[in-house]
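Work through the exercises below with the sequence and the structure at hand. Each task is followed by a solution in steps.

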Amino acid sequence: MSHLGIVIPAAGEGQRLRPHTLVRPKVMLEVAGKPIIGHIVDRLKELKPEVICVVVPPHDRTIKDYLQANFSLNFEFVVQPLPKGLADAVLCAEAAIRNLPMLVLLGDTILDVDLKALLNEESAIGVKEVADPRRFGVVKLQDGFVREVIEKPLQPVSNLAIVGVYFFAEPGPVFAALHRLIREKRMVKNEFQFTDALQIMADAGRKIKPIEIANWYDCGTPQALIETNRALLKALGRQGVAVSGEHSLLIFPVHIARDAVIENSIIGPFVSVSSGARIINSVVADALVYENAVIEKAVVSQGIVGENAEVRGKGEMVNIGPGERVVLG
């Protein structure tokens, strides 16, 4: 579908993923061998969009450099000057999208979904039934279409969570609703909520169809990042694995960068090791080990070891920031 504009809001601060997002944008954190945004764009190539508008934070070039180096697609990069919410981020893309049918995918959510099913609708929103809807925006339906949109309800009113993918065959009404939000200064916790724009559209009688999403990988917290790494590696199996090092045992699935060093260690299952990392005389399972990190004489399970960090000793559930030096246990 060449006549398609895609918006990826990627300017979020990633506060729940600190300290890792102090040194790089959230969407550039690696999971299962590549940045989060790389997994997202991989799933967009078959759509052959006319433009992918990536909304980026100020003063960052890593997102642009990575996407342009790894994908032959037409990207436009738009800066969101201040973190004023998803509605503001999508509005930043208005000039790039023009009058194209618009697909919006959140930059911290990886989806396994037939996107073409969404593109067959006039307006559509991805949803998933969840046990505890209080953490999410949810939708209430009427006659099979969205009637009400509630952001993180205190009392469960629906178990259909919004999973971060939207399609609008005509973007005009969306941008009109977004402009109205800004004009009326309708903010929640100093942010303009995209759910409020959807509610404006529903109140005006626009039919937004819910589309059930099978697999939805959230990357918004350290634990979610570890769980997403686990799920994606399980799907990859042995693919994309470079065996490296001496006298070591790899328990698949794992992903190890070609220039990582593994010596006298047991790695896996569900471990991703980024470029330049070194793991020596250690046992690492269910973990993310970022660029140039060093794990030596350590046991790490369910952990994130930040870039340039050093870990020695035994630890469970570690979350060690970039450049930190720690001795565990």
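A salt bridge is a side-chain nitrogen of Lys or Arg within 4 Å of a carboxyl oxygen of Asp or Glu. The model is predicted.

**Exercise 1**

Apply the salt-bridge definition to Glu-310 and Arg-312, then find what else pairs with Arg-312.

Solution. Step 1: the side chains of Glu-310 and Arg-312 come to 3.1 Å, N to O, and the cut-off is 4 Å, so the pair is a salt bridge.
Step 2: Arg-312 also forms a salt bridge with Glu-296, where the closest N and O atoms are 3.2 Å apart.
Step 3: Glu-296 belongs to strand 21 (residues 294–305) and Arg-312 to strand 22 (residues 310–316); this pair links distant parts of the chain, 16 residues apart.
Step 4: for accessibility, the band between 20% and 50% is partly exposed. Glu-310 falls in it at 24%, Glu-296 at 23% and Arg-312 at 31%.
Step 5: elsewhere, Arg-24, Glu-291 and Glu-307 are joined into one network by salt bridges that share partners.
Step 6: the total by this rule is 16 salt bridges.

**Exercise 2**

Determine which parts of the chain are tied together by the salt bridge between Asp-286 and Arg-230, and state whether each residue is buried or partly exposed.

Solution. Step 1: the closest N and O atoms of Asp-286 and Arg-230 are 2.8 Å apart.
Step 2: Asp-286 lies in strand 20 (residues 283–289) and Arg-230 in helix 8, so the salt bridge ties together parts 56 residues apart in sequence.
Step 3: Asp-286 has a relative accessible area of 10% and is therefore buried. Arg-230 has 22%, so Arg-230 counts as partly exposed.

**Exercise 3**

Check the length of helix 8 against the expected span, and list its buried residues.

Solution. Step 1: helix 8 covers residues 222–236, which is 15 residues.
Step 2: the expected span is 1.5 Å times one less than the number of residues, which gives 21 Å for helix 8.
Step 3: the end C-alpha atoms are 21 Å apart, in agreement with that value.
Step 4: the buried residues of helix 8 are Pro-222, Ala-224, Leu-225, Ile-226, Thr-228, Asn-229, Leu-232 and Leu-233.
Step 5: for reading such a list, residues three or four places apart point the same way because an α-helix has 3.6 residues a turn.

**Exercise 4**

Which residues touch the most other members of the largest nonpolar core?

Solution. Step 1: the core has 51 residues, and Ile-37, Leu-44 and Leu-103 touch the most other members.
Step 2: leaving out residues up to four places away in sequence, the contacts of Leu-103 include Leu-4, Ile-6, Val-7, Leu-44, Leu-115, Val-165 and Phe-167.
Step 3: a second, separate core has 36 residues, among them Leu-91, Ile-97, Phe-194 and Met-201.

**Exercise 5**

Locate Ile-251 and Glu-122, and describe the surroundings of each.

Solution. Step 1: Ile-251 sits in the loop between strand 14 (249–250) and strand 15 (254–256). Its relative accessible area is 33%, so Ile-251 is partly exposed.
Step 2: Ile-251 joins Leu-249, Ile-266 and Val-283 in a nonpolar surface patch with about 280 Å² of accessible area together.
Step 3: Glu-122 sits in the loop between helix 5 (115–119) and strand 8 (123–129). At 53% relative accessibility, Glu-122 counts as exposed.
Step 4: not counting residues up to four places away in sequence, Glu-122 touches Phe-167, Phe-168, Ala-169 and Glu-170.
Step 5: Glu-122 and Ile-208 are 86 residues apart in sequence, with 7.5 Å between their C-alpha atoms.

How values were computed. Residues numbered from 1 in each chain as written. Predicted model: local features only at pLDDT ≥ 70, side-chain atom pairs only at ≥ 80, totals over all residues. Heavy atoms only, no water. Helix = DSSP H or I, 4+ residues; strand = E, 2+ residues; numbered from the N terminus. Buried < 20%, exposed > 50% of the residue type's maximum accessible area, 1.4 Å probe, protein only. Patch = residues over 30% accessible without salt bridge, like charges linked within 9 Å, V, L, I, M, F, W, Y side chains within 5 Å. Areas by Shrake-Rupley, 256 points an atom, 1.4 Å probe, with all protein chains shown as cover. Core = buried A, V, L, I, M, F, W, Y, C linked by side-chain atoms within 4.5 Å. Contact = heavy atoms within 4.5 Å.
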